[in-house]
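These exercises practise reading a protein model, from the whole chain down to single residues. Try each task before reading its solution.

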Amino acid sequence: DADKEAGEEAGEEGTEIDSLVKSLLEEADASLPWEKLRLRPRFDVHEAENAYQLRSYMHGVQSDDVEVSVNSDAHTLTVSGKRIPSAEDIADLERGLEYFLRHNGIDEAELSAEDRKAFLMRMGSGRFGTFREQFAIPRNVDASAIQAQVNNGTILINLPVAVRSRHAQRRQKQRQQADPFGFLTQPDFIW
């Protein structure tokens, strides 16, 4: 019975400690200026017959975290967003910090709150923060039909080519097939 009571007390202490750690992590998350960190996502451009596609992958980014807009003259596409760490991400950073301190023989008690914040921010650099990228929209794109979606961290932006431009491209392709070297279209060509 004594062992059982000791186990129950330890279990109660464990939940108390867990809730304390959770509240500290939530405070750390709120007090760190993650928005000051800059992310540089890599966007790949794919060109298809009917559209251009911009793609990027950013682990943990959700659709609420990303905004896609076209400026008023329809010449610039802006993709902006943020990735703020979750409580689980903060816990991972904290564990990493504890390992670093232990591995380097640094006493955690000697670390000030500001130093702790600086360490966590440094460890989160490149993973968390905000981003803003701008792209020139090609003239043959129908800016009113641009669509964007975010799914499991993948940002996909579809820039459809305007219908009349597709016809013009097809005509140009037919001309190139009929005259691959451009002899018939050169004005200085003499028979």
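**Exercise 1. Place Ser 56 in the model.**

Find the element that holds Ser 56, decide whether Ser 56 is buried or exposed, and list what surrounds this residue.

Solution. The model is predicted.
Step 1: Ser 56 belongs to strand E2, which covers residues 51-57.
Step 2: The relative accessible area of Ser 56 is 4%. Buried means under 20%, so Ser 56 is buried.
Step 3: With neighbours within four places in sequence left aside, Ser 56 is in contact with Pro 41, Arg 42 and Phe 43, and also with Gly 153, Thr 154 and Ile 155.
Step 4: For Arg 42 there is a further detail: its backbone oxygen lies 3.0 Å from a polar atom of the Ser 56 side chain.

**Exercise 2. Describe the chain as a whole.**

How many helices and strands does the protein chain have, and in what pattern do they follow each other?

Solution.
Step 1: Counting the elements gives four helices and seven strands.
Step 2: Along the sequence the pattern is α-β-β-β-β-α-α-β-β-β-α.
Step 3: The chain has 191 residues, of which 28% count as buried.
Step 4: The chain exposes about 13,700 Å², and carbon and sulfur atoms supply 48% of this area.
Step 5: Among contacts with a separation of 6 or more, 64% are between residues 24 or more positions apart.

**Exercise 3. Work out the sheet that contains E2.**

State the order of the strands in this sheet and explain which strands stand at its edges.

Solution.
Step 1: Strands of a sheet pair through backbone hydrogen bonds, either parallel or antiparallel.
Step 2: Here four strands form an open sheet in the order E1-E2-E7-E6, and the pairing is antiparallel.
Step 3: E1 and E6 each have a single partner strand, so they stand at the edges, and one side of each is left without a neighbour in the sheet.
Step 4: On average, neighbouring strands of this sheet are turned by 20° against each other, direction ignored.
Step 5: Look at one pair in detail. E6 and E7 run antiparallel and are joined by five bridges. Ala 148 stands opposite Ile 157 in E7.

**Exercise 4. Work out the sheet that contains E4.**

Which strands are at the edges of this sheet, and how many bridges join E4 to E5?

Solution.
Step 1: Three strands form an open sheet in the order E3-E4-E5, with antiparallel pairing.
Step 2: The edge strands are E3 (66-70) and E5 (129-136), since each pairs on one side only.
Step 3: From one strand to the next, the twist averages 10°.
Step 4: E4 covers residues 76-83, and eight bridges join this strand to E5. As an example, the bridge partner of Gly 81 is Phe 131 in E5.

**Exercise 5. Examine two residues with positive phi.**

Where are Ala 74 and Asn 152 located, and are they buried or exposed?

Solution.
Step 1: Most residues other than glycine have a negative phi.
Step 2: Ala 74 is not a glycine, yet has a positive phi of about 60°. Ala 74 lies in the loop between E3 and E4. Its relative accessibility is 30%, so Ala 74 counts as partly exposed.
Step 3: Asn 152 is not a glycine either, and its phi is positive at about 50°. The loop between E6 (147-151) and E7 (154-160) contains Asn 152. Exposed means over 50%; at 63% relative accessibility, Asn 152 is therefore exposed.

**Exercise 6. Check the length of helix H2.**

Compare the expected span of H2 with the distance between its end C-alpha atoms.

Solution.
Step 1: H2 runs over residues 87-103, which is 17 residues.
Step 2: The expected span is 1.5 Å times one less than the number of residues, so for H2 it should be 24 Å.
Step 3: The end C-alpha atoms of H2 are 24 Å apart, which agrees.
Step 4: The buried residues of H2 include Ile 90, Leu 93, Leu 97 and Leu 101, and also Asp 89 and Glu 94.
Step 5: Just after H2, Gly 105 takes a positive phi of about 70°.

**Exercise 7. Follow Leu 32 to distant parts of the sequence.**

Which residues does Leu 32 touch?

Solution.
Step 1: Leu 32 is in the loop between helix H1 (2-31) and strand E1 (44-47).
Step 2: Its relative accessible area is 4%, so Leu 32 is buried.
Step 3: Not counting residues up to four places away in sequence, Leu 32 touches Lys 117, Leu 120 and Met 121.
Step 4: Leu 32 and Ala 118 are 86 residues apart along the chain, while their C-alpha atoms are separated by 8.9 Å.

Definitions and conventions
Residues are numbered from 1 along each chain as its sequence is written. This is a predicted model: local features need pLDDT of at least 70, side-chain atom pairs count only at pLDDT 80 or more; totals for chains, interfaces and linings use all residues. Side-chain values use heavy atoms; hydrogens and water are left out. Helices (H or I, at least four residues) and strands (E, at least two) are DSSP runs, numbered from the N terminus. Buried means under 20% relative accessible area, exposed over 50%, partly exposed in between (1.4 Å probe, protein chains only). Contact means heavy atoms within 4.5 Å. Accessible areas come from the Shrake-Rupley method with a 1.4 Å probe; for residues, only the protein chains shown count as cover. A polar contact is a pair of N or O atoms within 3.5 Å; within protein, one must be able to donate a hydrogen and the other to accept it, and residues adjacent in sequence count only if both atoms are side-chain atoms. Two strands pair if DSSP finds at least two bridges between them. Axes are lines fitted to C-alpha atoms, for helices over the stretch in contact, and angles run from 0 to 180 degrees between N-to-C directions.
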